[in-house]
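Thanks, everyone. Let me walk you through this one. Please bring up the sequence and the model.

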Amino acid sequence: MFELLKTDPRCKARLGRLTTAHGTIDTPVFMPVGTQGSVKALDPRELLEMGTQIILGNTYHLSIRPGVDIIRAAGGLHQFINWPHPILTDSGGFQVFSLAKIRKIKAHGVEFRSHLDGSLLFLGPKEAMEIQRALGSDVAMAFDDCPPHSSAPRDLRAAVERTIRWAGECRQQPRAHGQLVFGIVQGGANAALREECARAIVGMEFDGYAIGGVSVGEAEAEIFKAIELTEPFLPAQLPRYAMGLGTPAQLVELVARGVDMFDCVLPTRVARNGTAFTKRGTVSVKAGFNKEDFRPIEEGCACFACRNFTRAYLRHLLNVNEILGLRMVSVHNSHLYLKLMEDMRANLARGTFGAFRREFLANYVPSQKVLSARATVER
Ligand SMILES: [Zn+2]
C-alpha cells in the first residue's frame, strides 16, 4: 500500500508512493481541498493539468449538503463530482468542534446544531465512518476530538482520551471496498500527550497516521514542535499526514521533518482576496503597483495564468470583480503548491533536498497576514 522509496540522509524527508483504489500517489503530496465537492474556483481539467494527484472532501459539509443519500444514489463521491482519481475525506471531527454552533460531547460522538439551519445533528465514530463508506473515498479519516489551541491541560487530556477511544470505535466499522483508514494523533504541544496518543493510535494498526490539532491558531514554532513530538512514534513504513497545513515555506520544513501528505485551503482562499504565492513570498495582485505591470504573476511560472495573462490585467479583473481574476490567481497558487511538491520529490530522488530546502527558505519571505489567515475554522 505504501512504499518508502528513499529517506534523505541529512533530515527526515521521505520519498514514497501510496497506492489507493483510484490510483497511485507520489509523496510528498499536496492535496487541494474540495470542501463542498469542488476545489474552489477550479475545475477537474485544470486540477489535472497542474498535476493534482488526490483531492480532499469534507464529511461534515457534504453530509449536510447535498446529503449522503444523494451522493450514494450518484454512485459515490468520485462519480458525483466526476473525479475518477484518489479522494481523501476527513471525518468531520474538526468541523464539528470548530464550525458547529451548539454541542454536547457524549460517549459515542457529538451532538451539534448545523451551522446552516440550526437543525440538531449527531456525529461520532460510527456515523463518520458510515458516511465516508457511502462517499467511497480512497482514504477515510478516523473521527477525532480536535480541541482549540487555547485548551486547558485538563481539556487537552480529555480530548486525547476521547480521540483514542473513538479511534478504536472507527477501527471496528466496516469500510468501502479498498478504502484505507488513517488514525489521527492529538495532544497539542504537550510531549507526554502526543507520545501517549501516538502509541495508542499506532497500536490499533491503521493504514496511515495523521498529526491533528496543528492548524488551530497556534504560532509556527508550536506547529513544528507538535510535529516533532509526534513523528518519532509513527511507523516509518506508513504514510504521515499533517492536517490543514501550511504556507509553502512550512511545507518545505514539514517535509524535512518527515511528513508525506498535506492539505490546506490557503492557496485558493488567499487567491479570492487577490493574493498570490510566489517562490519569494506573497504578493497582492490587486495592489496599485501592478497597475501597469505587464509581467506575469511570477516570471518562469508555467501555470495557465502566468502563460497567458499579465499582473495589470489580473489586477483589473480583481478590481471589477470579474470571476476570471480570482479563478486565475487560484490556478497560479494551486499550481505553485503542486509544483513545489514536485520539486521536492525530484530533489529527494536526486539526493539534493538539503540544498533545495536551504535555497527555498533563503528566498521566501513569510507574510504575517498569510500566517494569521491560516488559522481559521473552515478547512
Ligand atoms: Zn503562475
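So, what arrangement do the four donor atoms around the zinc ion make? Keep in mind that this is a predicted model. The angles the four donors subtend run from 100 to 118°. All angles need to lie between 85 and 135 degrees, so the arrangement is tetrahedral.

Who are the donors? Three are sulfurs: SG of Cys 301, of Cys 303 and of Cys 306. His 332 joins them through ND1. These protein donors lie 2.1 to 2.3 Å from the zinc ion. Along the chain, their spacing reads C-x1-C-x2-C-x25-H.

Now look at two of them. Cys 306 sits in helix H12, residues 304–308, and His 332 in helix H14, residues 323–350. The pair therefore ties together parts that are 26 residues apart in sequence. Buried means under 20% relative accessible area. Cys 306 has 8%, so Cys 306 is buried. His 332 has 0%, so His 332 is buried too.

Next, the nonpolar core. The largest one holds 97 residues. Phe 262 and Met 344 touch the most other members. Helix H14 gives the most to this core, with 10 residues. Leaving out residues up to four places away in sequence, Met 344 touches Leu 251, Val 252, Val 255, Phe 353 and Phe 356. Another core, of 19 residues, lies apart from the largest one. Its members include Phe 2, Ile 25, Val 29 and Val 265.

Last stop: His 61. This residue is in helix H2, residues 59–64. His 61 is buried, at 5% relative accessible area. Beyond four places in sequence, His 61 touches Thr 35, Gln 36, Gln 95, Leu 99 and His 115.

Technical notes: Residues are numbered from 1 along each chain as its sequence is written. This is a predicted model: local features need pLDDT of at least 70, side-chain atom pairs count only at pLDDT 80 or more; totals for chains, interfaces and linings use all residues. Side-chain values use heavy atoms; hydrogens and water are left out. Helices (H or I, at least four residues) and strands (E, at least two) are DSSP runs, numbered from the N terminus. Buried means under 20% relative accessible area, exposed over 50%, partly exposed in between (1.4 Å probe, protein chains only). Contact means heavy atoms within 4.5 Å. Donors are N, O and S atoms within 2.8 Å of the metal (3.2 Å for Na, K and Ca); water is not among the atoms, so sites may look incomplete. Four donors count as tetrahedral if all angles lie between 85 and 135 degrees; four count as square planar and six as octahedral if opposite donors are over 155 degrees apart and all others between 65 and 115; anything else is irregular. A nonpolar core is a set of buried Ala, Val, Leu, Ile, Met, Phe, Trp, Tyr and Cys residues joined through side-chain atoms within 4.5 Å.
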